[in-house]
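The following exercises concern the fold, the surface and one backbone conformation. Please work through each task before reading its solution.

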Amino acid sequence: MENENVVLSAPLFSTMEDSERRAILASMAKVELNRGEVLFDEGENGDRLYIIEEGKIKLGSSSGDGRENLLAILGPGEMFGELSLFDPGPRSLSASAVSDSIMYELEHSALVAAIDENPGLASHLLTALARRLRRTNEALADLVFSDVPGRVAKALLDLSTRFGERVDEGVRVAHDLTQEELAQLVGASRETVNKALADFAGRGWVRREGRAVVLLDIDRLERRAR
Ligand code: CMP
C-alpha cells in the first residue's frame, strides 16, 4: 500500500479529494516492466497515459540509421503518454524501462471523465506540459550553446533531482543508465561523455560507481552547467 501513495500523491492529482484520487487509482491498471522492456514504440497508436510508481522510464527516438536520442528519464510520480491523447496521433517517442518499473495506466475515456468532474486536473496537465516544454527548449539551447562537459554536468544535476539520495559525501545518483544511454541523453558520443566524466572525477567533483555517480561538488557542477 505504501507504494501506491506515490501515484496518489502525483502532482497531477493534487487538486482532487482523497476519495476522488482513490476512485481514479482504482480505475487504473497496474503495469510492470523489467529493465530493458519496451512499453510502447514511437509511431504506435496510444490511448492511455502512465504514472510511474516505481523505477525509471526512458523516453527517446531513433533515427533511420539506428542512432538513439533520449529526451527524458522519468521517475516516480511523473506522467507520460498524454500527448497522443490530447493531440490524437501516434506516440511521439518510445518508452522503455531503465530499471524494473511499476506504472499505472489511465485510459483516455477515464481521463476525460475525470477532467469533467475535476477541472483542476486540466490545469495540472497544462503545468506538466509547460514544464516539459521549458526543459526541452533549454535542452535545445544547450545543444547549440553549451559544450559536452556543460551538458553532462547539467544532466547529472537533473538526474539528481529525481533519483538523488543524500550521502555523507554529497548526493548519490543511481541513474541505472549505461554509458551509451547517458551519451544518448546528453546528445554526444560515448567517448566524449566519458572524457567529461573522467575529467570531473579527476577534479574531485564526482565519483563514478558503475551505473551510479556520487556528486561530490554540486557548486562546481552547477557552475560548469551554466
Ligand atoms: P506520447 O506522444 O503519447 O508518447 C510519448 C510520450 O513522451 C509523450 O506522449 C509525452 O508524454 C512524452 N514526451 C514527449 N516529448 C517529451 C519531451 N520533450 N520531454 C519529456 N517527455 C516528452
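A residue counts as buried under 20% relative accessible area, exposed over 50%, and partly exposed in between (1.4 Å probe, protein chains only). This is a predicted model, in which local features need pLDDT of at least 70 and side-chain atom pairs count only at pLDDT 80 or more, while totals for chains, interfaces and linings use all residues. Residues are numbered from 1 along each chain as its sequence is written, and side-chain values use heavy atoms, without hydrogens and water.

**Exercise 1.** Classify Asp176 as buried, partly exposed or exposed, and describe its backbone.

*Solution.* Begin with the position: Asp176 lies in the loop between β10 (170-173) and α7 (179-186); helices (H or I, at least four residues) and strands (E, at least two) are DSSP runs, numbered from the N terminus. Next, the relative accessibility of Asp176 is 25%, so this residue is partly exposed. Finally, Asp176 is not a glycine, yet its phi is positive, about 65°.

**Exercise 2.** State how the radius of gyration of the protein relates to the globule rule.

*Solution.* First, count the secondary structure: nine helices and twelve strands. The protein has a radius of gyration of 18 Å, close to the 17 Å from the globule rule for 226 residues, so it is as compact as a globular protein of that length. Here the radius is taken over C-alpha atoms, and the rule is 2.2 Å times the number of residues to the power 0.38.

**Exercise 3.** Give the share of buried residues in the protein.

*Solution.* Of the 226 residues, 42% are buried.
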